[in-house]
Amino acid sequence: MPIAVTGSIATDHLMVFPGRFADQLMAGRLERVSLSFLADSLDVRRGGAAANIAYGLGQLGLAPVLVGAVGSDFEPHRVLLEEQGVDTESVRVSPHLPTARFVCTTDADQNQIATFYTGAMAEARHICLAPVLARTRGLDLVLVAPNDPEAMLRHTRQCHALGLPVAADPSQQLARLDRDQVRALIDRSRMLFTNEYESVLIQERSGWTQEQILHRTGLWITTLGAAGSRLRQAGRTTVEVPAAPPRRVADPTGVGDAYRAGFLAALARGAQARDAARLGSVSAVLALETVGTQEHTLSRAELLTRLEEAYGRTAAHALSCRLVVRS
């Protein structure tokens, strides 16, 4: 049965500032900031957290179901996703609003300043998962990725009512969620995804300690950037998985989404969590080496080579029998 990926679908406007943001920030003056950065380049790409993850899952041979809201300008993006095996039949098309926009500037240290325009994503709260479940005749997992906050909460409630396992990925929307909303997303989740900063923020927002969160989710996956990722479960030893080394750094946008796609694809094929984190890391680094979040192409040979280089022959062999790539 497929994985449903709910969340944002967007058009990315990616710019590069050749300097450092930190050099423009004045200590003691941060309460009144008025800055403009002259960018050297602009790339307009297809994006959105849910679309990025679905793209990665499709590249890895799965047939994910994408669930989100878009504008009438989505059609070229739909074609690309369907070519990668993504089921887009459950995407809602707004007759009035354009697809969401993500505008991001990256500096020389790979720091980013971004603004997200909601657009049609605001209508995701009107999507019901029951028809998706009926049409697909079953779902293995529903990933609740960053989206319209009301949509995230509704999808989580519906999953619990329908008996569907949930993977919570509140990410950027933590800033918009109150304590009870954060708790609702975490509680009874099969998995919880955060990055290192969010792992602290989610404790502050929920009012729960790390131990309390671990008792309300099955597996807490925390990405640590260049340090790799951390896997935690209640009553078990924490597992630290180092990152796969990049050969070059092109664009950090969407790297976390690529990690999630690799991780979930490996788990879907029966891999252990540590091996899933390794495939996630290699998927992430291949995205890091490419400008755009849905531009990298995964091949079985390249994935196995990078797995062996990063984690050794035994680790690569453990994943080889579970690795299916569309291309």
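**A tour of two helices and the cysteines**

Begin by selecting helix α2, residues 75-83, in this predicted model, and colour H77, R78, L80 and L81, which are the buried residues there. Looking down the axis, you will find that these residues cover an arc of only 165°, which puts them on the same side of α2. An α-helix has 3.6 residues a turn, so residues three or four places apart point the same way. Turn next to the face of α2 that points away from the buried side, where P76 and E83 are exposed. To see what the buried residues of α2 pack against, add the strands β2 (10-16), β3 (41-47), β4 (65-67) and β6 (92-93), together with helix α1 (49-59). Before leaving this region, select G85, just after α2, which takes a positive phi of about 90°.

Move on to helix α9 (residues 273-288) and helix α11 (residues 313-320), which pack with their axes 10 Å apart and at an angle of about 95°, so that α9 is roughly perpendicular to α11. Show the side chains of D275, R278 and L279 in α9, which meet A315, A318 and L319 in α11; the residues of this contact divide into four nonpolar, two charged and no polar.

Finally, select the cysteines, bearing in mind that a search of the whole structure finds zero disulfides. Which cysteine sulfur is closest to that of C159? The closest one belongs to C128, and because the two sulfurs are 10 Å apart, they are too far for a bond. C159 counts as buried, at 0% relative accessibility, whereas C321, at 65% relative accessibility, counts as exposed.

Terms used:
Residues are numbered from 1 along each chain as its sequence is written. This is a predicted model: local features need pLDDT of at least 70, side-chain atom pairs count only at pLDDT 80 or more; totals for chains, interfaces and linings use all residues. Side-chain values use heavy atoms; hydrogens and water are left out. A disulfide is a pair of cysteine sulfur atoms within 2.5 Å. Buried means under 20% relative accessible area, exposed over 50%, partly exposed in between (1.4 Å probe, protein chains only). Helices (H or I, at least four residues) and strands (E, at least two) are DSSP runs, numbered from the N terminus. The arc is that of the directions from the helix axis to the C-beta atoms. Contact means heavy atoms within 4.5 Å. Axes are lines fitted to C-alpha atoms, for helices over the stretch in contact, and angles run from 0 to 180 degrees between N-to-C directions. Angles under 35 degrees count as roughly parallel, over 145 as roughly antiparallel, 65 to 115 as roughly perpendicular and the rest as oblique. Ala, Val, Leu, Ile, Met, Phe, Trp, Tyr, Cys and Pro count as nonpolar, Asp, Glu, Lys and Arg as charged, and the others, Gly among them, as polar.
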